[in-house]
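Reader: I have just started learning about helices and how they pack. Could you walk me through this one?

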Amino acid sequence: MNDFPLAPETPLGSPAPFWFILFFKTLGFTLHMIPMHIWFAGTVLIALFSLFGSAHARLLAHRMINALPILIALGINFGIVPLLFIQVSYYPVVYPANILIGWYWFAVIPLLIVAYYGVYYYAVQVRRNKVTARGVFCGVISSLAFLAIGYIFANNFSLMTNEPQMMAAYNRTAVGGAVTGTALNTGDPTLLPRWLMMFGLALTTAAVYILVDTVFLAKRETEEYRAWAAKFAFLLHTVGLVWFAAMGSWYLFGALSPELRQTAQSSVGVLFGLTAVAPGLVWLCMLLGRSRASDGRIALAAAAAQVVVLALNAVSRQWLQNVELARFFDPAKMRVETQWSPMIAFLVLFVLGLGVVGWMLWQLALALKPQPAMASSSGGSPKPRKR
């Protein structure tokens with residue numbers, strides 16, 4: 001076989017214009033990255049701090065593990081949006097890639113279940129103040145499972161844009177004309193830097209989350225802890241920024257083909273420049289925040305800037321994905337048969353879902369906000385709150 005067999009185009013046509021699919025695919029991926037990064041990098045931090053951390057580090061690990069069940073739920077649900085739209089317009093390439101790595105793709109579900117319940121088990125122990133070695137072990141297993149899931153996704157989405165690698169995977173694993181589903185895209189030079197680059201970016205998002213948690217949600221903790229957490233958030237962001245820059249340079253200048261790199265520099269050089277420079281603005285906010293653990297304006301500025309960083313990253317990745325695919329497949333040329341009822345239903349439910357998520361986060365913030373101490377019934381001075 002010389003040409004990769006794309007999945008046939010459906011006679012029903014695309015149910016929505018390509019710009020609509022592209023917009024919500026990118027928006028959904030941006031929203032997915034915010035909580036996903038916190039658990040992707042956060043579970044590794046939790047595991048390390050639980051095993052080797054100081055008292056402040058263990059407290060930070062406990063605060064993060066308490067929030068992860070909610071964040072994982074949000075991340076999974078937001079992740080449905082980009083997965084939905086990539087299957088709507090990119091199915092001729094994404095389904096063959098799914099099939100080639102079939103067993104690993106199926107493994108995402110059990111890995112996610114293991115990771116999810118491992119986090120829940122550890123979080124329950126933390127909330128009961130009865131952390132055992134088994135709970136810490138579950139935290140370690142969860143962190144490894146999330147890293148494995150990220151690696152599988154990187155395999156799938158790097159494979160779907162690389163026709164020669166898909167053909168090589170087919171020829172390597174086919175038996176009697178049928179693939180065994182045991183391929184991995186390890187021959188692609190972009191795979192490893194792409195996966196590691198995402199982890200570096202996740203470290204910066206986790207650092208911003210720690211600063212926001214310290215400023216707004218950790219007011220019941222001691223001043224010593226809050227000062228330590230703000231400084232650690234800056235250190236973590238610095239490590240993540242250096243990691244992201246190093247892996248991004250490897251990806252762009254060492255792994256990406258010269259043709260794609262030249263196309264990126266000539267067509268959307270400004271976009272890629274902003275994507276590379278924007279994390280530095282967040283770093284400046286983190287630098288200010290390390291000595292001002294009570295300044296909410298700096299924490300909000302860092303959070304807003306990080307959302308912009310993730311949006312730029314999502315747009316850059318989407319542009320590059322389309323350019324890579326254009327060598328043998330162009331989803332923008334698919335016939336469109338607009339289905340208004342599903343589009344309207346999706347938009348209504350999407351807006352309602354965002355409203356519900358916003359309300360849930362607002363209620364969480366109110367629940368964690370420190371309450372004024374109640375005066376004693378005898379009219380004496382207020383009694384201190386028990387931890």
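**Helices that cross**

Author: Happily! In this predicted model, helices α9 and α11 are oblique to each other.

Reader: Why are α9 and α11 called oblique?

Author: Their axes cross at roughly 130°. Angles of 65 to 115 degrees count as roughly perpendicular and those over 145 as roughly antiparallel, and 130° falls in neither range, so the pair is oblique. The axes of α9 (residues 258-267) and α11 (residues 296-325) come within 11 Å, and the crossing is right-handed.

Reader: What makes α9 and α11 a pair in contact, and which residues meet?

Author: Contact means heavy atoms within 4.5 Å. From α9, Leu260, Thr263, Ala264 and Ser267 meet Trp319, Val323 and Glu324 of α11. Sorted by class, four of these residues are nonpolar, two are polar and one is charged.

Reader: How do you know that the length of α11 agrees with its number of residues?

Author: With 1.5 Å a residue, the 30 residues of α11 should span 44 Å, and the end C-alpha atoms lie 43 Å apart, which agrees.

Reader: What does aspartate 295 reach at the start of α11?

Author: A side-chain oxygen of aspartate 295 comes to within 3.1 Å of the backbone nitrogen of arginine 297. The cut-off for a polar contact is 3.5 Å.

Reader: Which residues meet where α7 and α10 are in contact?

Author: Ala207, Val208 and Leu211 in α7 meet Val282, Met286 and Gly289 in α10. Five of the residues in this contact are nonpolar, one is polar and none is charged. The α7 and α10 axes cross at roughly 35°, in a left-handed crossing.

Technical notes
Residues are numbered from 1 along each chain as its sequence is written. This is a predicted model: local features need pLDDT of at least 70, side-chain atom pairs count only at pLDDT 80 or more; totals for chains, interfaces and linings use all residues. Side-chain values use heavy atoms; hydrogens and water are left out. Axes are lines fitted to C-alpha atoms, for helices over the stretch in contact, and angles run from 0 to 180 degrees between N-to-C directions. Helices (H or I, at least four residues) and strands (E, at least two) are DSSP runs, numbered from the N terminus. Angles under 35 degrees count as roughly parallel, over 145 as roughly antiparallel, 65 to 115 as roughly perpendicular and the rest as oblique. A crossing is left-handed if the near helix is turned anticlockwise from the far one by less than a right angle, and right-handed if clockwise. Ala, Val, Leu, Ile, Met, Phe, Trp, Tyr, Cys and Pro count as nonpolar, Asp, Glu, Lys and Arg as charged, and the others, Gly among them, as polar. The expected span of a helix is 1.5 Å times one less than its number of residues. A polar contact is a pair of N or O atoms within 3.5 Å; within protein, one must be able to donate a hydrogen and the other to accept it, and residues adjacent in sequence count only if both atoms are side-chain atoms.
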